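Me: Please take a close look at the ligand site in this model. Walk me through what surrounds the ligand, and set it in the context of the rest of the chain.

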Amino acid sequence: MLRIDIITVLPELLESPFNHSIVKRARQKGLVEINLIHLRDFATNKHRSVDDYAYGGGAGMVMMIEPIAACINHLKSERPYDEVIYMSPDGELLDQPLSNRLSLQQNLIVLCGHYKGIDERIREHLITKEISIGNYVLSGGELAAAVLCDSIIRLIPGAISDETSALSDSFQDNLVAPPVYTRPADFNGWKVPDILLSGNEKLITEWLHNQSIKRTQERRPNLLKPKDTENSNIQG
Ligand code: SAH
């Protein structure tokens, strides 16, 4: 079973995303355990503060080492972790292959930053992986952590009732998903493509695949380029 321990100063922000729909059911089925860990519980001074002024000056506070180190070390003393992840705008960009890999792990820590971020020494010494959900800046790591966890959890076998459903999603095979339709077959003259009503399974599968390729060429041509450019140079 996958266990995700999320370190946060704002656990309230994370409650709703984990208490609905697929993620909620995955938790109820025992496929994933999510723990929200209050960083303030590990504060070392009497004001329970977790941030301080930045050395060198400038606007904005910085999250301090002591509470974060105490929290991570406490967790690590109880079980081994596969990754200690820090959500960060300059981290590795989240994509489907990364979610796939993380969904196979056992124990993950996810640290949510705030203010100007966390003391750099935490990143150097305690963090094993930094993940960004895109090239824009959020106010805190919680929404990014929710996005990361959702994308991971829906991939765990059994999380989605139709087992093949997650596999046919966009990006799973480096293609975006084909268009989908439901009833009515004709809405004021807007028609569902005839082929989908034909009942010919083989032709339908072929059509869907071609639509996927066409859409990927139009919308995400980068997905179709070979990853290993060095190799393709040799071949080309
Ligand atoms: N000063 C920092 C931004 C801090 S934003 C900078 O310019 O890089 C506060 C926190 O929000 C960060 O510590 C991080 O945990 C989270 N965060 C913001 N944008 C994010 C993104 N795109 N992906 C993941 N986490 C993000």
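Reply: The secondary structure of this predicted model comes to nine helices and nine strands. The chain's radius of gyration is 22 Å, well over the 18 Å that the globule rule gives for 236 residues, so the chain is more spread out than a compact globule. Along the principal axes, the C-alpha atoms fill a box of roughly 70 × 50 × 35 Å. Of the 236 residues, 37% are buried.

Now the ligand. It is surrounded by 20 residues. The closest are Y86, M87, G113, Y136 and L138. By class, the shell has 10 nonpolar, nine polar and one charged residues. Three elements each supply at least two residues of that shell: β5 (83–93), β7 (129–132) and α6 (141–153). Strand β5 gives the most, with four residues.

Next, the polar atoms. An oxygen atom of the ligand sits 2.9 Å from a polar backbone atom of G113. A ligand nitrogen is 3.2 Å from a polar backbone atom of K116. A nitrogen atom of the ligand is also found 3.4 Å from a polar backbone atom of S88. Taken alone, the ligand exposes 560 Å², and the protein buries 84% of that.

S88 deserves a second look. This serine belongs to strand β5, the strand that gives the most residues to the ligand shell. How buried or exposed is S88? Its relative accessible area is 5%, so S88 counts as buried. While the backbone of S88 faces a ligand nitrogen at 3.4 Å, its side chain has protein partners. One polar contact goes to the side chain of D90, at 2.6 Å. Another goes to the side chain of R123, at 3.5 Å.

Y115 is worth checking too. Its place is in the loop between β6 and α5 (120–125). Phi of Y115 is near 55°, a positive value in a residue other than glycine. Most residues other than glycine have a negative phi. At 41% relative accessibility, Y115 counts as partly exposed, because buried would need a value under 20% and exposed one over 50%.

F171 also has a positive phi, near 75°, and is not a glycine. Its loop runs between α6 and β8. F171 has 34% relative accessibility and therefore counts as partly exposed. P184 lies in the loop between α6 and β8 (186–187) as well. The peptide bond from R183 to P184 is cis, with omega near 5°. Most peptide bonds are trans.

On to the strands. Strand β1 (residues 2–8) is mostly covered, with seven of its seven residues buried. Both of its faces are covered. L2, I4, I6 and T8 are buried on one side. R3, D5 and I7 are buried on the other. Strand β1 has pairing partners to consider. Seven bridges join β1 to strand β2 (residues 32–38), and the two run parallel. Five bridges join β1 to strand β6 (residues 107–111), again in parallel. R3 shows both pairings. This arginine stands opposite E33 in β2, and it also stands opposite N107 in β6. The loop that holds Y115 lies between that strand, β6, and α5.

One last spot is E78. It belongs to helix α3 (residues 65–78). At 48% relative accessibility, E78 counts as partly exposed, because exposed requires over 50%. The side chain of E78 makes a polar contact with the side chain of R79, at 3.3 Å. E78 and P11 are 67 residues apart along the chain, and their C-alpha atoms are separated by 21 Å.

Back to the site itself, in brief. The polar backbone atoms of G113, K116 and S88 face ligand atoms. The protein buries 84% of the 560 Å² that the ligand exposes when taken alone. Strand β5 supplies four residues of the shell, and S88 in that strand has side-chain contacts with D90 and R123.

Conventions: Residues numbered from 1 in each chain as written. Predicted model: local features only at pLDDT ≥ 70, side-chain atom pairs only at ≥ 80, totals over all residues. Heavy atoms only, no water. Buried < 20%, exposed > 50% of the residue type's maximum accessible area, 1.4 Å probe, protein only. Pairing = 2+ DSSP bridges. Near = heavy atom within 4 Å. Polar contact = N/O pair within 3.5 Å; in protein donor to acceptor, adjacent residues only side chain to side chain. Areas by Shrake-Rupley, 256 points an atom, 1.4 Å probe, with all protein chains shown as cover. Nonpolar A, V, L, I, M, F, W, Y, C, P; charged D, E, K, R; others polar. Rg over C-alpha atoms; globule rule 2.2 N^0.38 Å.
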